[in-house]
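Visitor: Could you take me through one part of this model up close? I'd like the charged pairs first, and then whatever else is worth a look.

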Amino acid sequence: MPRQIPYIIANEGCERFSFYGMRNILTPFLLSTLLLFIPLGDRPAEAKHVFHTFVIGVYFFPLLGGWLADRFFGKYNTVFWFSLIYVAGHACLAIFEDNLNGFYLGLGLIAFGSGGIKPLVVAFVGDQFDQTNKNRAKLVFDAFYWIINFGSFFASLLMPVFLRDYGPAVAFGIPGLLMAIATFVFWLGKRKYVHVPPAKPDPNAFSSVARTALLAKRDGQGRPGLMVAGAGALGAVASLAMTPQWGFVIAACTALVLLLAFGGIGVSLQLERARGLHTDEAVEGVRAVLRILIVFAMITPFWSLFDQKASTWIVQANTMNSPLLSLFGWEFTLLPAQMQAVNPILVMLLIPFNNIALFPLMRAIGITPTPLRRMGMGIALSALAWVVVGLLQLQLDGGDKISILWQLLPYALLTLGEVLVSATGLEFAYSQAPATMKGIILSFWYLAVTVGNLWVLIVNSGVKNPAVSAHIASSGMSPIAFQMFFFAAFALLVAALFALYAMRYTMVDNYRKETIN
């Protein structure tokens, strides 16, 4: 095992405590303190909007961080300097607890700092391995994901209590202190890391090959790919023009999605035209990236479901009864935000359970648990979790008193889905990415989270439409229950499409072949 791995794992544990520590109390803080100037009935919707806008930023900025690391500064330098911005954001949350603009500035700095380092730490872990020890990489990726949830568990359990008992300054200040410790630990390992240098300007880079494919002419043939990409550009402009009606975040993210989707389709239609003008290896590398992006696109519904456990599920938990519990003589009642601690503790149990019991059992009955099969199962299980939480909401809407402990079942299903999708996806993204694009490919993995949260904003905005509201009313369900079943159906449909695509996908091996001292 590379000796530098403990520094990266310890850094990730502290950083994840800091991130989930502030993230998991954000919705309760918005509802109880920062958004008091908004009418009570409108406050949950506004809190969800702020929360998911923040998450969109967190997972959008990896595009910038990945590009800077791969082209200019390298992974280590980019992670270190963005971490300092991250710490400054935490400081703003603690200082500006009663100032709307100051608090939102802090959220912006955390989104920028976290988004800048998020894809790079994962890729940095992968850089510490080569063909001689790549068999240990899966163990480390599992340990990496395990420590994420170790930090998340204690943050989810403790920070709601600190918010209730000591106030926002302390509750947001403690995660800031943990982020400062994470940065220091990462710096301590500087001389032990394998530092893969940034890629030099490459005429066969992804963007160069894609541009050549779109612009290349062939006698007697049109350029359908360029027309498709142009249609995406026009759609992006139209989306930005809708900013006054949709809001900047929805308009800008939709524009980005249109550019990527139609641009990728356009490049795939004309990719063979780049052959001869670029190396065969470069052309096949672009083809590999486009195939990976299709996988990422189909994972976006999972993220729209998963991230709402910190918004929609908390709103639901606020309307449920919390019974008096006893643990070794200590009596307590669960706070709604503390239910999120169920997720990381289950992850820590399920990762070894899957490796020791579930996956060997699947192999024994003739089913190979390939990464794509695992991810497809995960999407379907997350949809099932939302069916359960939707049924609970129907009971609440009917006036029944329900214990908050009933949320344990959907949390268990969602967590099993998360382990199969997210932990597997980290390894899949690194192993499938061409050598010169690992940071950027992992940025696209995180961009899938942005798109997933974009779906949430679009649906939340859509239910305000009079025609949609009338349809929901005619169904006999409340808007929140209707949305729950809608998200579940959306994820089930995509899980079926994912299974069909997985049967056609050919895995590749893009771990380093050379050893770097």
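**A closer look at the salt bridges**

Guide: Let's start with Glu272 and Arg287, whose side chains meet in a salt bridge at 2.4 Å, N to O. This pair links distant parts of the chain: Glu272 sits in the loop between helix H11 (248–270) and helix H12 (280–306), while Arg287 is in helix H12, 15 residues apart. Keep in mind that this is a predicted model. As a general point, side chains of opposite charge can pair when their charged atoms come close.

How exposed are the two partners? Glu272 is partly exposed, because its relative accessible area is 36%. Arg287 has a relative accessible area of 28%, so Arg287 is partly exposed too.

Arg287 has another partner to show you. The side chains of Arg287 and Glu284 also meet in a salt bridge, this one at 3.3 Å, N to O. Arg287 and Glu284 are three residues apart in helix H12, so about one helical turn separates them. Glu284 has a relative accessible area of 39%, which means it counts as partly exposed. Now for the wider picture: salt bridges that share partners join Glu272, Arg275, Asp280, Glu284 and Arg287 into one network.

Two names in that network are still to be introduced. Arg275 and Asp280 bring their side chains together in a salt bridge at 3.3 Å, N to O. Arg275 is partly exposed, because its relative accessibility is 29%. Asp280 comes in at 47% relative accessible area, so Asp280 is partly exposed. Across the model, the count comes to nine salt bridges.

Next, let's go over to a pair of helices. Helix H3 (residues 43–60) packs with helix H5 (residues 100–127) at an angle of about 35°, and their axes are 7 Å apart. Which residues meet there? On the H3 side you have Val50, Phe54, Gly57, Val58 and Tyr59, and they meet Tyr104, Leu107, Ile110, Ala111, Ser114, Gly115 and Lys118 in H5. By class, that contact has eight nonpolar, three polar and one charged residues.

While we're on helix H3, have a look at Thr53, which is placed in that helix. Thr53 is partly exposed, because its relative accessible area is 22% and the cut-off for buried is under 20%. Setting aside neighbours within four places in sequence, Thr53 is in contact with Val249 and Leu457. For a sense of scale, Thr53 and Tyr501 are 448 residues apart in sequence and 30 Å apart in space, C-alpha to C-alpha.

Phe172 makes a good next stop, over in helix H7 (residues 168–188). Is Phe172 buried or exposed? Phe172 counts as buried, because its relative accessibility is 0%. Leaving out neighbours within four places in sequence, Phe172 is in contact with Met22, Ile25, Phe29, His90, Leu93, Ala94 and Phe103. Phe172 and Arg23 are 149 residues apart along the chain, and their C-alpha atoms are separated by 9.5 Å.

One last thing, out on the surface. Leu64, Trp67, Phe72 and Phe73 make a nonpolar surface patch of about 410 Å². Of these residues, Phe73 can be placed in helix H4 (residues 62–95).

Technical notes. Residues numbered from 1 in each chain as written. Predicted model: local features only at pLDDT ≥ 70, side-chain atom pairs only at ≥ 80, totals over all residues. Heavy atoms only, no water. Axes fitted to C-alpha atoms, helices over the stretch in contact; angles between N-to-C directions. Helix = DSSP H or I, 4+ residues; strand = E, 2+ residues; numbered from the N terminus. Contact = heavy atoms within 4.5 Å. Nonpolar A, V, L, I, M, F, W, Y, C, P; charged D, E, K, R; others polar. Patch = residues over 30% accessible without salt bridge, like charges linked within 9 Å, V, L, I, M, F, W, Y side chains within 5 Å. Areas by Shrake-Rupley, 256 points an atom, 1.4 Å probe, with all protein chains shown as cover. Salt bridge = Lys/Arg side-chain N within 4 Å of Asp/Glu carboxyl O. Buried < 20%, exposed > 50% of the residue type's maximum accessible area, 1.4 Å probe, protein only.
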